[in-house]
Amino acid sequence: MRSRLTLLPALLAFAVLLGGADGCSSDPNVESAKLALRQENYEEAREQLGRALETNPENVEALALLPEVIRTQMDAAAVVNRSEFVPAYREAIANALRVAPEDPDVMNAKRNAWASFMNNGNQTLTSEATPASDAIPFFEGAIEVGADSASSHFSLGLAQLLSENNEAAASSFETTLELDPSYTNASIYLARAYLMMDRGAEALDVLSAARENIEEGDEDADRLEQEYLNALASSGQTERAISEFEEQVENFPDDPLIRYNYGTLLLNVDRFSDAIEQFEAATELDAENADAYYNLGVANLREAGRVETEAGELTLDQQDEYDALIAQRDEYLDSAIASLEMARDLTDDANRPAVCNSLLQIYNARGMADEAEAAAECAGVSMD
């Protein structure tokens with residue numbers, strides 16, 4: 001399921017078509033189209049305007065009214081069907097702009113077209129019922145009528161990124177930044193696109209430039225910093241990322257997100273005990289973070305495995321050391337259980353089975369039959 005996005009431009013209000021939609025016309029077909037539009041008979045209105053344009057292809061009133069009819073018809077349709085109207089809408093507004101770009105009604109139709117393309121593109125992109133690729137033609141239409149709009153290029157990039165077309169997405173985000181170098185979200189998503197294409201150095205360059213340009217106190221500064229640190233780790237520069245995270249922890253010890261992200265980095269490089277320290281801090285600072293509890297459980301589980309391996313390497317005459325390590329392993333397992341149980345209780349229904357499955361493995365290892373049976377039911381697996 002495609003994740004939802006919250007970085008899209010806000011929805012826009014439409015202007016009312018000036019003059020032509022309500023004024024008198026010398027063309028009876030245009031007058032019939034206006035009546036059909038008021039009656040919400042959109043196909044009839046389009047047919048009447050088609051006849052008017054067959055008679056006079058430069059009938060400005062008909063040219064200005066046709067895209068408004070299509071826009072109204074499109075907005076009245078279900079979201080899943082709106083992309084079907086895009087080709088005709090783009091053609092209609094292009095024809096009007098070609099013939100009479102300075103006409104007030106055409107200029108108004110152009111403004112409405114940009115707003116409509118953006119609104120419908122955003123609704124399509126955020127709808128669970130439509131694939132991300134369905135939003136692309138809307139944003140391309142917005143760019144046709146507003147090529148200098150950074151938000152149009154940014155939204156197109158998001159649609160392309162969600163459609164797994166990373167190269168096209170990167171190009172759109174690059175254009176966004178050419179139009180507006182301070183567009184922080186474009187920098188973040190361009191870096192993500194680069195990382196998906198194994199262009200880590202370029203991702204870091206983009207984020208470094210954004211960090212330098214962002215104004216002090218900007219609400220996006222912290223998020224940008226996290227993106228930069230995560231990009232460092234993702235691009236293979238682990239030691240540099242760890243060094244920078246250590247500095248961030250020192251400067252912002254009470255930031256749960258920094259603690260969580262640093263712990264995740266440490267977990268990924270098998271520094272389990274250090275990861276435990278960061279996840280414990282993250283859960284203390286944000287007691288509702290299910291992911292932090294889950295990763296804390298995983299870190300404890302892996303540290304238990306490391307200790308068990310160490311114990312298995314001892315010789316028979318090292319029984320005391322062996323017993324001490326096994327006791328330590330059991331402590332880590334008990335800590336893993338406590339953390340994963342917290343994650344189970346905090347997580348949503350969709351992710352709870354995965355947490356329960358992790359608990360099931362530990363319960364079995366610890367001989368906790370009743371708990372294992374409950375975990376199996378939660379995980380949706382059979383104990384037979």
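Which hand does the disulfide of cysteine 356 and cysteine 378 have? Let's start there. One caution first: this is a predicted model.

The torsion about the S-S bond of cysteine 356 and cysteine 378 is about 65 degrees, so the disulfide is right-handed. The sulfur atoms sit 1.8 Å apart. The structure's disulfide count is 1. Now, where are the two ends? Cysteine 356 is in helix α17 and cysteine 378 is in helix α18, so the bond ties together parts 22 residues apart in sequence. As a reminder, a disulfide is a covalent bond between the sulfur atoms of two cysteines. The two ends have unlike surroundings. Cysteine 356 is buried, at 1% relative accessible area. Cysteine 378 is partly exposed, at 27%.

Next, charges. How many salt bridges does the structure hold? The total is 22. I'll take three of them.

Take glutamate 144 and arginine 90. Their closest N and O atoms are 2.4 Å apart. Glutamate 144 belongs to helix α6, residues 136–145, and arginine 90 to helix α4, residues 86–99, so this bridge ties together parts 54 residues apart in sequence. Is arginine 90 buried or exposed? Arginine 90 is buried, with a relative accessible area of 18%. The cut-off for buried is under 20%. Its partner, glutamate 144, comes out partly exposed, at 47% relative accessibility.

Now arginine 329 and aspartate 330. These two form a salt bridge, with the closest N and O atoms at 2.8 Å. Arginine 329 is buried, and aspartate 330 is buried too.

Then arginine 366 and aspartate 334. Here the closest N and O atoms of the salt bridge are 3.0 Å apart. This pair links distant parts of the chain, 32 residues apart. Arginine 366 is in the loop between α17 (352–365) and α18 (369–379). Aspartate 334 is in helix α16, residues 319–346. Both ends are partly exposed: arginine 366 at 30% relative accessibility, aspartate 334 at 38%.

Which residues join arginine 329 and arginine 366 in a network of salt bridges? The other members are Glu308, Asp330 and Asp334. So two of the bridges I just described, Arg329 with Asp330 and Arg366 with Asp334, have their residues in that network.

On to the rings. A search of the whole structure finds 7 aromatic pairs. In one of them, tyrosine 89 and phenylalanine 117 have ring centres 4.8 Å apart and planes at 35 degrees, so the pair is tilted. Tyrosine 89 is in helix α4 and phenylalanine 117 in helix α5, residues 104–126. They are 28 residues apart. Both are buried. Note that helix α4 also carries arginine 90, from the bridge to α6.

A second pair is phenylalanine 245 with tyrosine 262. Is that pair stacked or edge-to-face? Stacked: 5.5 Å centre to centre, 10 degrees between the planes. Phenylalanine 245 is in helix α12, tyrosine 262 in helix α13, 17 residues apart. Phenylalanine 245 is buried at 0% relative accessibility. Tyrosine 262 is buried at 5%.

Stay with helix α12 for a moment. This helix has 14 residues, 238–251. At 1.5 Å a residue it should span 20 Å, and its end C-alpha atoms are 20 Å apart, which agrees. Which residues of α12 are buried? They are Ala241, Ile242, Glu244, Phe245, Gln248 and Val249. Look at the spacing of those numbers. An α-helix has 3.6 residues a turn, so residues three or four places apart point the same way. What do the buried residues of α12 pack against? Four helices: α10 (200–213), α11 (221–234), α13 (256–268) and α14 (272–285). The stacked pair lies on the α13 side of that list, with Phe245 in α12 and Tyr262 in α13.

Last topic: a ring cluster, and charges over rings. Ring pairs link Phe154, Phe173, Tyr183 and Tyr189 into a cluster. Tyrosine 189 has a further partner. The charged end of arginine 192 sits over its ring, 4.7 Å from the centre. Arginine 211 does likewise with tyrosine 228: its charged end sits over the ring, 3.8 Å from the centre.

That's the tour. Questions, please.

Notes:
Residues numbered from 1 in each chain as written. Predicted model: local features only at pLDDT ≥ 70, side-chain atom pairs only at ≥ 80, totals over all residues. Heavy atoms only, no water. Salt bridge = Lys/Arg side-chain N within 4 Å of Asp/Glu carboxyl O. Helix = DSSP H or I, 4+ residues; strand = E, 2+ residues; numbered from the N terminus. Buried < 20%, exposed > 50% of the residue type's maximum accessible area, 1.4 Å probe, protein only. Expected span 1.5 Å × (residues − 1). Contact = heavy atoms within 4.5 Å. Phe/Tyr/Trp six-rings, centres within 6.5 Å; stacked < 30°, edge-to-face > 60°. Lys NZ or Arg CZ within 6 Å of the ring centre and 35° of its normal. Disulfide = S-S within 2.5 Å.
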